[in-house]
Amino acid sequence: MPDTPRIVSLRAAGTCFVVELTEPVPRVLHWGADLGELSDADRAALSLTAEPALLNNSLDVPRTFTIWPTEADGWSGTPAHHGHLDGTTSAPRLTTTGTSYRQDAEGGELSVSLTEGAAGLDVTVTYTLEPSGVLGVRTEITRQAEADPAPYDLAQVTTLLPLPRRAGEILDFTGKWSRERSPQRGPLRYGTHSREVRRGKPGLDSPYLVAVGVPGFGFREGEVWGLHVGWSGDQRYLVERLPEGAGTHASVLGGGDLLRAGEVRLAPGDSYRTPVCYFAWSGEGLDGLADRFHTLLRDRPTHPRRPRPVILNSWEAVYFDHDLDRLLRLVDRAAEVGVERFVLDDGWFNGRRSDHAGLGDWTVDPEVWPGGLTPLVDHVRSLGMEFGLWFEPEMINLDSDLARKHPEWVLGPAGGLGPAARHQHVLDVANPDVSDYLLRALDTLVEKYAIDYLKWDHNRELHEAVRGASDRPVARAQVEAVYRLLDALKERHPGLEIESCASGGGRIDLGILARTDRVWASDCNDPVERQSIQRWTGQLLPPELVGAHVGASPSHTTARRSTDTFRLATALFGHPGIEQDITRCTPEELARLTAWTALYRELRPLLHGGRTVRADLAGDATLLHGVVGYDGTAALYCWARVATSTEAQSGRVRLPGLAAEGTYRVRVRTELGLPSFHQNGGPAWFAAAVDGWVTLPGTVLAVAGVPMPTLNPEQALLFEVRRED
């Protein structure tokens, strides 16, 4: 391998990351737009301009921002790590001991080894720039074998990258049950914008992805820098701006897993690995950022490759009423409308007549299912559908045989358990006996019924996640144990698909998605709420990974009434399914459901293989989003109105993702029925597109824009676009 150059540039897909291998610790020169192939003169210029002014009442040397910022650099912001050795060696000073570098045709990798002699720590920071342009950063900290035998208490590790002055506005997310990923924006101010998650999972109010961009950045325009922490437990995100800046940079973006006090204590020879922090830059707004993450995920060897089947999940159809005859009728009707996978939800296992009892007893209830699940499973398969089953392996009801037999398996303080949530507590999955029990139980059922799909739920937070007489914190160990359990189950059943559900969208991250096949975005199927939830879930995940189901009217979660046309159009832009008792549907409703599943199968390659696009519109009353094929020859758009507005006309609206130089045919897909309109007719092009294809140039569709029909609130319609030339 050739010697590593002094200035290293990782490049891919129009972005680059540049580091100068200075001593004692390398410094970051640039992260953002691609600077091209660097000449010797370019490298010299970057190095020359990497030193800021010497400020009054400040350090006597120029400030620098290194890959491992600490107070030893004169850095007064959040350090890359902090900890102590029995109350000592709390001022780390690291030096570089080695580097390795690889530049591929697209992307590459830089690994830097550092050492901290006083505490006996070896640190390896690895930057991997993927062909998508996403920069994954992971750190491993190892206690040297000959170090002081006292444990080193690692308090926090934060992966940090610099931001330029023009990055002045923050976007992140919050939420609650049935309203996950609600965006919140604001200016980047001096100080620290910090988001800490202490729920044992990302949570319904997960920051999800923190983006910092030029003020006013939108879906289609503006530079944006983003970060997602790929971890399924406690997390920390921050954006920090100090008056003196960060070397020649203005501020920093960072994150990692949040460590509880005493959670990571490194004895000699022990190691700690951070989760991967995924950084990405876009010069084309939030859609450009989303496209990088979607490409990253689709490039994974484990990404689902076969067509995503239409699902019917039994929960909102029957709840805990597991009557075989009723379920068989539901299966028959599901097959008639085009369902491809039937999932039996909560209520099938021992003692589970409500959510008060049974969790942990993963055997089929003989009273409810005297013949086991075989009659149902066989009927599902006889109609050409796959079979899936609901589990919540990490949880336990105290009213269960397992809790009575093994009370020590319930996670909690030695002084007594805290309050239940949804009548349940948490199993200590990090206990090998517990994980072995769960693997046996899951493996037995998957093997017996040849289960194709597991809906893996997680319905409470991890409070007081400690174990043993000393109340040792184990929240991080719990996440690692769940990862091992999922990996072991997948290894035994390579074709098994697993959905990550957590009271809806409470555990959506790239850590859990490294071993699952889709997520449940929300327990809310109300299409008004779902339009927003799916829009922002798509900032990280492509549609094929996001469960999107058609529910009943009124909504199970909001009691809002809606048309099936609106519900069907909304659920099309994800991994679609049905979440209602369709044996009660009218013939007209069943006909529309059947047309919807057929439309989905027709458009599935486009929906799950194209680029997600979202239009920047004034106000939140109307939405325009869609999927455009990567070759630009096909697109499907949804024009939706979720509320009334003062404006009566849309004005000219651009269809995002189309080429100005192209010529296109446009038509309205009417299989689901037309929406309700708040107008007497038109626009003229739209009226023609309802009857068939209308040819329009890209200069009109993509540049000038077209007037949209005015819909009544809670309505949506679908446009299909095909390129002619």
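How many of the 725 residues of the protein count as buried? The share is 60%. Keep in mind as we walk through it that this is a predicted model.

Let's start with the overall build. The protein contains 40 strands and 13 helices. Its radius of gyration is 27 Å, close to the 27 Å that the globule rule gives for 725 residues, so the protein is as compact as a globular protein of that length. If you turn the model along its principal axes, the C-alpha trace spans about 80 × 70 × 45 Å. The chain also makes plenty of use of partners far along the sequence: among contacts with a separation of 6 or more, 71% are between residues 24 or more positions apart.

Now to the outside. The accessible surface of the protein amounts to about 27,100 Å², and carbon and sulfur atoms contribute 50% of that. As for charge, the protein carries 74 positive and 97 negative charges, and the mean positions of these two sets are 3 Å apart.

Some of those charged side chains pair up, and the structure holds 53 salt bridges. A good one to find in your viewer is the bridge between R265 and D153, where the closest N and O atoms are 2.7 Å apart. This pair links distant parts of the chain, since R265 sits in strand β18 (residues 264-266) and D153 in strand β9 (residues 152-157), 112 residues apart. The two partners have unlike surroundings: D153 has a relative accessible area of 13%, so it counts as buried, while R265, at 41%, is partly exposed.

Next, look at R185 and E169, another salt bridge, with the closest N and O atoms 3.0 Å apart. R185 belongs to strand β12 (residues 179-187) and E169 to strand β11 (residues 169-176), so this bridge ties together parts that are 16 residues apart in sequence. Is E169 buried or exposed? With 15% relative accessibility, E169 falls under the 20% cut-off and therefore counts as buried. R185 is partly exposed, its relative accessible area being 41%.

A third bridge joins D399 to R404, and here the closest N and O atoms are 3.0 Å apart. D399 counts as partly exposed, with 43% relative accessibility. Beyond such pairs, which residues do salt bridges with shared partners join into one network? They are E602, R667, R669, E671, E720 and R722, a nice group to select together as you finish your tour.

Conventions: Residues numbered from 1 in each chain as written. Heavy atoms only, no water. Helix = DSSP H or I, 4+ residues; strand = E, 2+ residues; numbered from the N terminus. Rg over C-alpha atoms; globule rule 2.2 N^0.38 Å. Buried < 20%, exposed > 50% of the residue type's maximum accessible area, 1.4 Å probe, protein only. Contact = heavy atoms within 4.5 Å. Areas by Shrake-Rupley, 256 points an atom, 1.4 Å probe, with all protein chains shown as cover. Lys, Arg positive; Asp, Glu negative; His and termini not counted. Charge placed at Lys NZ, Arg CZ, Asp CG, Glu CD. Salt bridge = Lys/Arg side-chain N within 4 Å of Asp/Glu carboxyl O.
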